[in-house]
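User: Please take a close look at one part of this model, the place where two helices pack, and at the cysteines there. Explain the terms as you go.

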Amino acid sequence: HERCYAILLCRKNIDTGLIVHEFGHCCRQLLEDIGYSMKARNDEPLAYLESWMVNKATKLLFKNGKMIR
């Protein structure tokens, strides 16, 4: 079955720390949903997924270090 993941960033002051935090929750849930067993020695897929998502989000949300409104 299909799943949809959404992260709503509704604050006025969004920084990369908040983006990383919220995408971390999403990535963990996504990996759990596909049956990936995360262990301390095997967290590289989580790190790559989080990095990819955060890079995409920051490119959409920020320009020259400032949030696009």
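Analyst: The count of disulfides comes to zero, where a disulfide is a pair of cysteine sulfur atoms within 2.5 Å. This is a predicted model, in which local features need pLDDT of at least 70 and side-chain atom pairs count only at pLDDT 80 or more, while totals for chains, interfaces and linings use all residues. Residues are numbered from 1 along each chain as its sequence is written, and side-chain values use heavy atoms, with hydrogens and water left out.

The sulfur of Cys26 has its closest cysteine sulfur in Cys27, at 5.7 Å, which is too far for a bond. Cys27 is therefore in no disulfide. Cys26 is buried, with a relative accessible area of 11%, and Cys27 is buried at 0%; buried means under 20% relative accessible area, exposed over 50%, and partly exposed in between (1.4 Å probe, protein chains only).

Now the helices. Helix H1 covers residues 16–33 and helix H2 residues 44–61; their axes come within 9 Å and cross at roughly 135°. H1 is therefore oblique to H2, since angles under 35 degrees count as roughly parallel, over 145 as roughly antiparallel, 65 to 115 as roughly perpendicular and the rest as oblique. Among the residues making the contact (heavy atoms within 4.5 Å) are Phe23, Cys26 and Cys27 of H1 and Leu49, Met53 and Ala57 of H2. The residues of this contact divide into 14 nonpolar, three polar and two charged; Ala, Val, Leu, Ile, Met, Phe, Trp, Tyr, Cys and Pro count as nonpolar, Asp, Glu, Lys and Arg as charged, and the others, Gly among them, as polar.

Notes: Axes fitted to C-alpha atoms, helices over the stretch in contact; angles between N-to-C directions. Helix = DSSP H or I, 4+ residues; strand = E, 2+ residues; numbered from the N terminus.
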